Amino acid sequence: DATATGADGEACDETYTIGFSHPVGEADAVKQVKGFAQAHADEVGCVELLLDNTTGSSLESQRQTIESWVTQGIDAIVMQPVDPTAFAGLQQQAQEKGIKWLTYSSEMDGRDGSVGFDNELSGKQIADDVTTWIAATHPEGGISAAVTTLVSVPVYAGRWEEPIAALDEVGVPIVSEQECADQTCGLQIAEDALRENPDLRIFIGLNDSAALGALKAFEQSAISADEVYIAGQDGAIEALEAIEAGGPYKASAAILLDELGASIIDNSIAAITGDGEVDTVTPSVLASLADQAQLDELKELLK
Amino acid sequence: MMIVFAVNTRSFLTVDNLVAVIAQNAALFIVAIAFAILLMAGYVDLSVGSTMALAGVAAGLAFNSVGVVPGIMAALIVGLAVGVFNGLLIGRFGMSALIVTLGVLAAARGIAMTLAPDSIYGFPDAVRVLGAGSFLGVPYIVWIAVAVAAAGLFVMGITPIGRHVLAIGVNPRAAFLVGIPVKRVVFALYAVVGLAAGLSGLVMVARLDSAPSGTLGLGFEVTVLTAVLLGGVPFTGGRGSLWKVLLGVWFIAIIKNGLTLMNVGPEVANVVSGCVLILAAGLETLQHVLRRRL
Amino acid sequence: MMIVFAVNTRSFLTVDNLVAVIAQNAALFIVAIAFAILLMAGYVDLSVGSTMALAGVAAGLAFNSVGVVPGIMAALIVGLAVGVFNGLLIGRFGMSALIVTLGVLAAARGIAMTLAPDSIYGFPDAVRVLGAGSFLGVPYIVWIAVAVAAAGLFVMGITPIGRHVLAIGVNPRAAFLVGIPVKRVVFALYAVVGLAAGLSGLVMVARLDSAPSGTLGLGFEVTVLTAVLLGGVPFTGGRGSLWKVLLGVWFIAIIKNGLTLMNVGPEVANVVSGCVLILAAGLETLQHVLRRRL
Amino acid sequence: MSAHPSGGLRIRDLRKSYGTVSVLKGVNLDFAPGEVHALLGANGAGKSTLLGCLSGAVAPTSGTIHAGGKEHTGFTPRSAFEAGTAIIYQHFQLAETLTVADNVFLGVELRTPLGTIRRRDQELATQAILERLDVPLDPRTGVDTLTVGQQQIVEIARALRRDPEILILDEPTAALGRHEVEALLALVRRLAHEHGIAVVFVTHILSEVMAVADRVSILRGGTLLWSRDREDVELGDLVAGISPDRIDSATDTARQLGEELVRLDGLVTSYCGPIDLSIAAGEIVGVFALLGGGRTNLLETLAGARPVSAGQVTIGGVPARIGRVADAMRSGIALVASDRPHQSLFGRLSALENMLMPHYRRLSHGLRHPPRENQIFNDVARRVQLSPRSATTEASAFSGGNAQKIVVGRWLAGLDDVRLLLLDEPTQGVDIGSRAQIYELLRGYVGAQTRSVLFATSDPDEAIALADRIVVLVDGHIEAVVAPSIGEHALLALAQSVDISKAHS
Ligand SMILES: Nc1ncnc2c1ncn2[C@@H]1O[C@H](COP(=O)(O)OP(=O)(O)OP(=O)(O)O)[C@@H](O)[C@H]1O
Ligand SMILES: Nc1ncnc2c1ncn2[C@@H]1O[C@H](COP(=O)(O)OP(=O)(O)OP(=O)(O)O)[C@@H](O)[C@H]1O
Ligand SMILES: [Mg+2]
Ligand SMILES: [Mg+2]
């Protein structure tokens, strides 16, 4: 168990204990954010970062973690709730105890700050990109699309709602709308959907994992890569390399994970000390072949 | 184990933390008691997690449309109804317990999600009092869990039903032949487990002050099963002690709590809790072997 | 059921789709065969999903650092090792099968995630050929699944081991007293299930062309268990036919496929697959009752 | 005996069939109060099925049962109980994880007004019943720690506890020692004659019939052959009625014995010993003892199923390793255990699989050979007079005696290289005709003087009829080794010698 020291190794006058909780601990992107947050905490010094071990969107597990943090009386909690309404009571309890309550990429009333990563923005970037792509490659239509969702975790809704709205707008039928956030189901859904709908050309994943699964299905089909648009969200390294390879994988709404990780620490400290910016939104950026420099930068970040 | 936790964390052994552990796991205690009795009779119910969700959603809808008491009733009635359904198919018609309850696990979750696509919240204040208030310094929900445990211990310990349950678990044919209404007992046990799941769904919703249909009680069946098995009830039934089951639940809760307080990531948490389970199984076997030697 | 799917989708009854269903579920077929044999002897292994992940990660790491053949070996060896571990604790030392394998389920996942914090990808081309290539128009992985099924049918049908497995499932004490090396058979069965999980981890990784440690095989144990139970092997062992198990797997695969093709949402999918399970249990019971009437 | 206006039990045209197999083909019988009625018949004649109809365990296909002043077309266990019947099953039906008292009162617990169990009262009442049976047993012991014989006592205590008007006993003496059998027979007589209970008694031991019955009925192939007062029948009538084509076994032909094959030197088990014994090739040695005398303990230890404390076993001059079953088997030792449902039978597997289970590996060269398996099965089934002689029938669907034939038949196929065959109660539940047949087969089994047989029995007649030499065990020690010519009474006296003195110390 790490005891915090100052950045230069000296003992601290005051140590801030900050808890960061995310419901999908097994996801690659989450593991990376935690890593960046820890790195930044070490850099700043005098910060002890607590990380929970919730996986699989387990409400029970996340709830228990946050409760014990509240019982412990740590200084700040940064969390992405499985379901915001299920944590309103705890938020109030925490704040009554003087614990700063910050949300991570989600909305909660009365929070002391937020580490923004906007799921809607992410969804919107993909939505815009796919609209452009359709206009350029299939202006006459005649294609269909698949989107994956995770309706049990409403926080992410922007990631699929935005692309769905955009596709509706341009009149591309959505023939598959299945719950999926990993490669295995992505592959299976894409295979089945392709067989059922030979005109399927668009696959938008809730995250990169789902989209990467779909990528294998399209690669195995006889459809030329130019005709296909696959996109994910998060900016996972495997996805970035797939984009760079110039195949069917066209884009990913990438989060600047280092910035995001740093904000967890910085915004918490700002909320505790009352000094500094407590609400930040780390923009997602669209990673695609259109911007090679950006792609390189993102890849560099994740190395 | 306990020592490791106590040494490595500041708050593991504080009274606050210990009461909090029970309060956090009140739902688990409630379901585990009923589940353990069912398992002693040789039957399982894997649908408890979804039953909780369905009952919780029903309670939530009723809280916001009718009132607090109807909400409480709704949770209990829905839980009971699911239990009665399971009990009919399994107890009365003799269908496979595992398959039926796996089916209900999926179906009840689906129904809960259909009923409440978004989570339900903004309940009357009384709900929050139920979830967070306390009496004599002990939270209401802890009182509820204690009452359920006491009822379970009473029934299994000193009433004929306790003997009948064990007899059914160890030799259903013999139980039938001495005139125990086996089908009716099994039916009733499923109804009780359903009711317990309804109650624990209610407890969860009151604590959360919200009823998220997609995640409420998700994966709960595995936790309950693990706790009950750890409590020494064999999967084939026929024996077991509710005291040990309470210990099993406590153990699971403590591990979870200790791991959180020690701030380990999901990778290490998985490895540690896996090893603890294996160790526990090993200790039990060792105990058996030693007892037979004596 | 089949009719609903056939009417509502274009491709459900096409040959393409039928072959694809096997290919998609090759991993499930492989594990289910071994798992069913283990269950016939009265034992379970809930750790298969995590074993797949661990074996898959090992294969992935070896593919990228050493080569294709070492990668294949790595998956098989890791799977076998986990199986041997389970077999030692359960078969040799008599520890509780459910608790030990629940423990290994958690621990193996944790180890896989520690070994590979990010997913592993970018394998040599041969891996992709293994996953997607075909021979005589049938994908390699389908050949593998067919070979495993044939081996299982062969062993259970016409070798002494098949009888020994059933004998252990029916009456382990009597099996012991007629000289069947019960402990050794159980140990071997766990090793085989581990090996099968390793193989199916390899198949999954080859298909995905990537080894995501956090999600590979997640929840697989429930799917396998459901398929095998649907295939008519009772949880207490002692009977069952591998042909019916294959049918059970097929059934599960078909439902998933049909629901995906029909593109129903998760709420409805849950309700439908739940109801199908319950119906299947009902049909089996009905069959029993009718057979006894005759 | 005159038929009583009320009480007792009348069966009219009772039929039962399983699928196309008809087991009871229209039976009419009267069981009068105050009478001990022995129901006899060959294995598979339908006795247990008939009794099952009376206790609610089996639903008859048609027919009526008059009991408790009412006419029934069938019973449930509870309605049978309410009509005043209680039954002791051939295969005990106990909840093994519960205590003796819990089992005795299972389903009819004594309750306080609160609904809780009056545990102390139950224990005292159980104690009282056990004392009536003359069996010292703590009511608080768990049933799973009891021997088969003790479990049988618990079954009997349970039936008595229900104060029945009609008491049904299905081979209650099969697992009991001589001492307990006598106590039980005396009790049965008393219950009938003094308390006016109608007792129905199934047994394969004809001496018991002659000792206790007032009336005798014989079933053959699911129909009543005849029903007579006991005074009007001779032993010969019974034998002729049960197994018409019984061949008298040639007991008196002097048998050739070979050299010493098996030798026990100072063998100490967890209960028995030290035991020194030498068995010649071709010899059949009987172990006779009272209930709890250590027969089962000795045989199971020799078979490797229990730990050896000290001593050595030599087979054919070679020290045998008997620590584990597999080792014992490799040394050529095989066991037929006495607790059939728990230790021997694979209930859900077929008769053929049951019979060949120990031999599959030897019978196959990696692959099984079904035609050969069938041929062996049919051969053995014919020799042991198995009925039905069906290879595919589940073992659990066979009658008790026929299941025993399957289990013993396992080793009579002669496929193995067993040198020492151990049989614990080899003919329990087997009818008189087949019993002689099995004795004959066992003699043939050791005839070539390459094998020996060591069997344990609680029936002195069996010890005398089958053994070349009888070892009398008392409290786990060899009291005497005698020739069968010693006779039943002397044998019993030997077995009881220390037991009686211990009872008074
Ligand atoms: N469940 C069943 N299914 C099919 N046949 C059965 C079943 N139970 C019994 N039988 C058959 O019914 C016949 C009569 O069996 P029953 O047990 O009544 O014989 P029994 O006279 O008690 O013989 P035993 O002296 O060996 O105990 C046997 O041929 C047996 O195979
Ligand atoms: N599992 C056990 N636990 C405790 N005591 C036992 C156990 N098994 C046997 N015994 C005791 O060991 C002694 C010998 O038992 P064993 O079964 O060998 O006798 P037996 O002569 O075969 O009697 P039975 O007629 O009951 O078969 C008995 O006193 C019995 O009470
Ligand atoms: Mg019988
Ligand atoms: Mg014995």
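This passage describes two ligand sites on chain D and two interfaces between protein chains in a predicted model.

Ligand 1 makes a good starting point. Its shell holds 20 residues, and D:Lys47, D:Ser48, D:Thr49, D:Ser399 and D:Gly401 are the nearest of them. Several polar approaches to the ligand can be picked out in the model. A polar side-chain atom of D:Ser399 sits 2.7 Å from an oxygen atom of ligand 1. Backbone atoms take part too: a backbone N or O atom of D:Gly44 lies 2.9 Å from an oxygen atom of the ligand, and a backbone N or O atom of D:Ala397 lies 2.9 Å from an oxygen atom of ligand 1. Taken alone, ligand 1 exposes 640 Å², and the protein buries 82% of that. Two helices of chain D, H1 (47–55) and H15 (400–412), each supply at least two residues of this shell. In terms of residue class, the shell around ligand 1 is made up of eleven polar, seven nonpolar and two charged residues.

Ligand 2 is also surrounded by residues of chain D. Of the 13 residues around ligand 2, those that come nearest are D:Gly292, D:Gly294, D:Arg295, D:Thr296 and D:Asn297. An N or O atom in the side chain of D:Arg295 is 2.4 Å from an oxygen atom of ligand 2. For D:Thr296, a polar side-chain atom lies 2.6 Å from a ligand oxygen atom, while for D:Asn297 a polar backbone atom is 2.6 Å from an oxygen atom of ligand 2. On its own, ligand 2 exposes 630 Å², of which the protein buries 72%. The elements giving two or more residues to this shell are helix H5 (148–161) and helix H9 (295–302) of chain D, and H9(D) gives the most, with three residues. The shell around ligand 2 has nine polar, three nonpolar and one charged residues.

Attention now turns to the chain contacts, beginning with chains D and C. Here 27 residues of chain D are in contact with 26 residues of chain C. The area buried between the two chains is about 2,300 Å², with carbon and sulfur atoms giving 60% of it. D:Phe346, D:Arg348 and D:Arg368 supply 27% of the area that chain D buries against chain C, more than any other three residues. The interface has one salt bridge; D:Glu353 forms a salt bridge with C:Arg163, and their closest N and O atoms are 2.2 Å apart. Eight residue pairs are in polar contact across this interface. On the side of chain D that touches chain C, helices H10 (325–330), H11 (340–344) and H13 (360–363) of chain D each supply at least two residues, and the largest share, four residues, comes from H11(D). By class, this side has 13 nonpolar, seven polar and seven charged residues.

The interface of chains C and B completes the description. In this case 35 residues of chain C are in contact with 36 residues of chain B. About 2,800 Å² is buried between chain C and chain B, and carbon and sulfur atoms give 84% of that area. The count of salt bridges here is zero, and zero residue pairs are found in polar contact. Helices H5 (68–92), H6 (97–115), H12 (220–230) and H14 (266–293) of chain C each give two or more residues to the side that touches chain B. H6(C) provides the largest share of that side, 13 residues. The residues on this side of chain C divide into 21 nonpolar, twelve polar and two charged.

Definitions and conventions:
Residues numbered from 1 in each chain as written. Chains lettered and ligands numbered in written order. Predicted model: local features only at pLDDT ≥ 70, side-chain atom pairs only at ≥ 80, totals over all residues. Heavy atoms only, no water. Near = heavy atom within 4 Å. Polar contact = N/O pair within 3.5 Å; in protein donor to acceptor, adjacent residues only side chain to side chain. Areas by Shrake-Rupley, 256 points an atom, 1.4 Å probe, with all protein chains shown as cover. Nonpolar A, V, L, I, M, F, W, Y, C, P; charged D, E, K, R; others polar. Contact = heavy atoms within 4.5 Å. Buried area = accessible area lost by both parts, 1.4 Å probe. Salt bridge = Lys/Arg side-chain N within 4 Å of Asp/Glu carboxyl O.
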